[in-house]
Amino acid sequence: MAILKTVDTFGEMYPFDSNYSVIDSSGNRVHYIQTGKGETVLFLHGFPSWSFMYRDLIKELRSEFSCVALDHLGYGFSDKPLHYKYNIENHIKNAIKFAENMQFRKFHLVMHDFGVAVGLAMAERWPERISSMVFLNSSCFRYPKFTFTALIFKLPILRVVLTRFTNFLQKIYLHLGAETMTPEIEKGYLWPYHSFLDRVAIGQGLNDIPLFPDHKSLPKYDELESKAFLLSNKKMKFFWADLDFFHTSASLKRWAKILPNAYLKRYENGNYFLLEDSAAARNDICAFLLKHRNISKFLFN
């Protein structure tokens, strides 16, 4: 197991030590933070974010849990190789390798956007290891409706201009995706994406959205959906932001068919980055995870 450690903090907002785990034979490393003690909670971000999005939730949970937040390869402080396919299949493969490196035996999942697809794959691979699952807004399947936003952003030339040459796309997501985004928080989200080279995964990630029947990543999403029945006995809950401009009510209806056993809590004033908008959502997630801890070890110690 090759795990390296450095120290890298981002002010008071992100006061965590940085750790790195090698996840392939090329030596590519993913960045993660780990803080607290107790049962493990693995946090998986989505597009176009990084572990920074979970900072406040982690601060609230680390007195009760060992909190581990991963930056997918190409995102956050993880390595950003230029000649790499940043698709959902590779993100899943990397996360599984990371979990093996960390020797996770039992853990909770908190997931957002394409991080849900990654977490769902991990849970379907190791259903016996998953204690509970927290879903934030996402669409882990072919999109039931083409959103105008998604179609515009996938135009090749426009996509490169908006994602690689500038941070414009990320800024659009931040300003449309949260009601309470301050300049300081925006700076935190954009911090790892200073240059054309730093934003390679952002550009490819947008192109990996399976909007059309011939998309190369669509079979992986179909596979995840077809195996969701393996999780029928898991404790899971959706914490859904009703104002999300990207993952709409159509996505929520689809989830109700894929995971009919999941509970749901909706936030009418929440947007794409629900954790920025709603302290109540953070409190509700904490309560859900605490409820589903393995309390037997406390009773019989």
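Let me start with the largest pocket, whose lining is made up of Lys85, Tyr86, Asn87, Gln204, Asn207, Asp208, His215, Lys216 and Ser217. Sorted by class, that lining has one nonpolar residue, five polar ones and three charged ones, and the space inside the pocket comes to about 240 Å³.

Before I go further, please keep in mind that this is a predicted model. The pLDDT averages 88 over the protein, and 86% of the residues score at least 70. Residues 1–9 fall below 50, although in the model this stretch still has 27 contacts beyond near neighbours in sequence. Where pLDDT is low, the predicted coordinates should not be read in detail.

Now to the overall architecture. The protein has 301 residues, of which 58% are buried, and its secondary structure comes to 13 helices and nine strands. If we take the contacts with a separation of 6 or more, 75% of them join residues that are 24 or more positions apart.

Which residues touch the most other members of the largest nonpolar core? They are Phe43, Phe98, Met122, Met133 and Trp255, in a core that counts 97 residues. Helix 3, which covers residues 114–125, gives the most to this core, with eight residues. Phe98 can be followed in more detail: leaving aside neighbours within four places in sequence, Phe98 is in contact with Ser21, Ile23, Val30, Tyr32, Leu42, Val68, Leu70 and Phe104.

I would like to finish with two individual positions, beginning with Thr180, which is found in the loop between helix 6 (168–177) and helix 7 (183–190). Is Thr180 buried, exposed or partly exposed? Its relative accessible area is 37%, which lies between the 20% and 50% cut-offs, and therefore Thr180 counts as partly exposed. Again setting aside neighbours within four places in sequence, Thr180 is in contact with Ile185, Glu276 and Asp277. Thr180 and Leu274 are 94 residues apart in sequence, while their C-alpha atoms are 9.8 Å apart in space.

The second position is Ala287, which lies in helix 12, residues 279–291. Ala287 has a relative accessible area of 46%, and so this residue, too, is classed as partly exposed. Along the chain, Ala287 and Leu61 are 226 residues apart, and in the model a distance of 9.7 Å separates their C-alpha atoms.

Notes:
Residues are numbered from 1 along each chain as its sequence is written. This is a predicted model: local features need pLDDT of at least 70, side-chain atom pairs count only at pLDDT 80 or more; totals for chains, interfaces and linings use all residues. Side-chain values use heavy atoms; hydrogens and water are left out. A nonpolar core is a set of buried Ala, Val, Leu, Ile, Met, Phe, Trp, Tyr and Cys residues joined through side-chain atoms within 4.5 Å. Buried means under 20% relative accessible area, exposed over 50%, partly exposed in between (1.4 Å probe, protein chains only). Helices (H or I, at least four residues) and strands (E, at least two) are DSSP runs, numbered from the N terminus. Contact means heavy atoms within 4.5 Å. On a 1 Å grid over the protein atoms alone, a cavity is a set of points where a 1.4 Å probe fits but cannot get out, and a pocket is an open set with protein on both sides within 12 Å along at least five of seven lines; lining residues have an atom within 4 Å of a point. Grid points are joined across faces, edges and corners, and a volume is the space filled by probe spheres set on the points. Ala, Val, Leu, Ile, Met, Phe, Trp, Tyr, Cys and Pro count as nonpolar, Asp, Glu, Lys and Arg as charged, and the others, Gly among them, as polar. pLDDT is the predictor's confidence in each residue, from 0 to 100.
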